[in-house]
Amino acid sequence: MTSTVAVIGLGAMGLPMATRLAERFEVRGFDIASERLALAAEKGVTAASSAADAVSDAQVVLVAVRTGAQLNELLFGDAGLATHLTEGAVVILTSTVGTSGIGETAERLAEHGAQLVDAPLSGGPVRAGEGDLLIVVGAAPAALDVARPVLEQLASTLSIVGDKPGDGQALKTVNQLLCGVHIAAAAEALALADALGLDRERTLEALTAGAANSFMLGNRGPRSLQAYDAEGAEVLSRLDIFVKDLGIVGDAARQAHLSTPVAAAAEQLFLLGEAQGLGALDDSAVIRVVAPERLS
């Protein structure tokens, strides 16, 4: 029975996930930023003094890092978190890091008596706090049994896509190809509407009511309309995240000897946005790469 969950990384996704989990479990959280620890404490999460303290006696350790390199540094680097895991603990990887090296990470964890559940997620901070995430999972059945109560607390859609770590990353890579392309396409469409002298709000309303609609158009479209405001749109997903994710898509496609020209074109838009200093803005700001200024 899972009772104690450690959450390592209390950033944009880690904090709302920890808060959601605290409704059901004892949750200990750790982040290198003291202000994030303070926020977590205000929301019912026990703030740990270190990552090692957070994972002590925790049956489930949820990790929210950005890259595979950060994951391996956390587990096996100077911090050596793997050496502090309780016997039989399950580490849930919620990040999109790509398939490369995931099998080796799982094997190294097994040497410490722990198992890896590969569970990248999609949905953003608001849905994380509401338990409304899409989570795709690759994990051995025994590890999944331990992790399932935690995953079900966070997900409205829990899709088991394979029985080994790496399977979740593979499906999330496919997911991010579509998401990145859809965001870029939405930006182009709304920029074209502006260039043609159409009212962008009415255009968006019409498009989302018809066959051209997609989740990304409906979700990012309104934020694209705010991209030219002085404050910009609220940052719910940073533009440079798609630089990383579409890079993962490109790497996977090359390894598979598969041509993905549409994804590659979308990646270039996000790379240009990052080069123009938009990386920390909401990813809907990619419209400013297509059209640096409003045309009408």
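1. Let's start with His 257, which sits in the loop between helix H11 (239-255) and H12. Keep in mind that this is a predicted model. The phi of His 257 is near 55 degrees, a positive value in a residue that isn't glycine. That's worth a look, because most residues other than glycine have a negative phi. Is His 257 buried or exposed? With a relative accessibility of 76%, His 257 counts as exposed, since the cut-off for that class is over 50%.

2. Asp 57 makes a good companion to that first point. Its phi is near 70 degrees, again positive in a residue other than glycine. You'll find Asp 57 in the loop between helix H3 (51-55) and strand S4 (60-63). Asp 57 counts as exposed, at 57% relative accessibility.

3. Now for another loop aspartate, Asp 282. This one lies between helix H12 (261-275) and helix H13 (287-290). Is Asp 282 buried or exposed? Asp 282 is buried, because its relative accessible area is 2% and buried means under 20%.

4. So what does the side chain of Asp 282 reach? One partner is the backbone nitrogen of Ser 237, at 3.3 Å. The backbone nitrogen of Leu 236 also lies 2.9 Å from a polar atom of the Asp 282 side chain. Both of those residues turn up again in the contact list of Asp 282, which leaves out residues up to four places away in sequence: Arg 223, Ala 233, Glu 234, Val 235, Leu 236, Ser 237 and Leu 239. If you want to see this spot for yourself, put Asp 282 in the middle of the view and look for Leu 236 and Ser 237.

5. Next, the helices. Met 17 is in helix H1 (residues 14-21) and is buried, with a relative accessible area of 1%. Which residues does Met 17 contact, leaving aside its neighbours within four places in sequence? They are Leu 62, Ala 64, Thr 94, Leu 121, Ala 128, Leu 133 and Leu 154. Take Leu 154 from that list: Met 17 and Leu 154 are 137 residues apart in sequence, yet their C-alpha atoms are 6.8 Å apart in space.

6. Ile 183 belongs to helix H8 (residues 167-195). At 2% relative accessibility, Ile 183 counts as buried. Its contacts, again without neighbours within four places in sequence, are Met 216, Arg 220, Phe 242, Phe 270, Asp 283 and Val 286. With Phe 270, the C-alpha to C-alpha distance is 10.0 Å, and the two residues are 87 apart in sequence.

7. Helix H5 (residues 102-110) includes Ile 102, and Glu 104 lies in helix H5 too. How exposed is each of them? Ile 102 counts as buried, at 2% relative accessibility, whereas Glu 104 is partly exposed, with a relative accessible area of 47%. Ile 102 touches Leu 93, Val 97, Leu 116, Pro 165, Gly 166 and Gln 169, not counting residues up to four places away in sequence.

8. Two distances from helix H5 give a feel for how the chain is laid out. Ile 102 and Pro 222 are 120 residues apart in sequence and 36 Å apart in space, C-alpha to C-alpha. For Glu 104 and Gly 162, which are 58 residues apart along the chain, the C-alpha atoms are separated by 17 Å.

9. Finally, step back to the whole chain. The protein chain has 13 helices and nine strands. Its C-alpha atoms fill a box of roughly 65 × 45 × 35 Å along the principal axes. Does the radius of gyration agree or disagree with what a compact globule would have? It agrees, because a compact globule of 296 residues would have a value near 19 Å and this chain has 20 Å.

10. A few more totals round things off. Of the 296 residues, 49% count as buried. Take the contacts between residues at least 6 apart in sequence: 67% of them join residues at least 24 apart. The chain exposes about 13200 Å², with carbon and sulfur atoms supplying 54% of it. As for charge, there are 20 positive and 36 negative side chains, and the centres of the two sets lie 4 Å apart.

Technical notes. Residues are numbered from 1 along each chain as its sequence is written. This is a predicted model: local features need pLDDT of at least 70, side-chain atom pairs count only at pLDDT 80 or more; totals for chains, interfaces and linings use all residues. Side-chain values use heavy atoms; hydrogens and water are left out. Helices (H or I, at least four residues) and strands (E, at least two) are DSSP runs, numbered from the N terminus. The radius of gyration is taken over C-alpha atoms; the globule rule is 2.2 Å times the number of residues to the power 0.38. Buried means under 20% relative accessible area, exposed over 50%, partly exposed in between (1.4 Å probe, protein chains only). Contact means heavy atoms within 4.5 Å. Accessible areas come from the Shrake-Rupley method with a 1.4 Å probe; for residues, only the protein chains shown count as cover. Lys and Arg count as positive and Asp and Glu as negative; His and the chain ends are not counted. The place of a charge is taken as NZ of Lys, CZ of Arg, CG of Asp or CD of Glu. A polar contact is a pair of N or O atoms within 3.5 Å; within protein, one must be able to donate a hydrogen and the other to accept it, and residues adjacent in sequence count only if both atoms are side-chain atoms.
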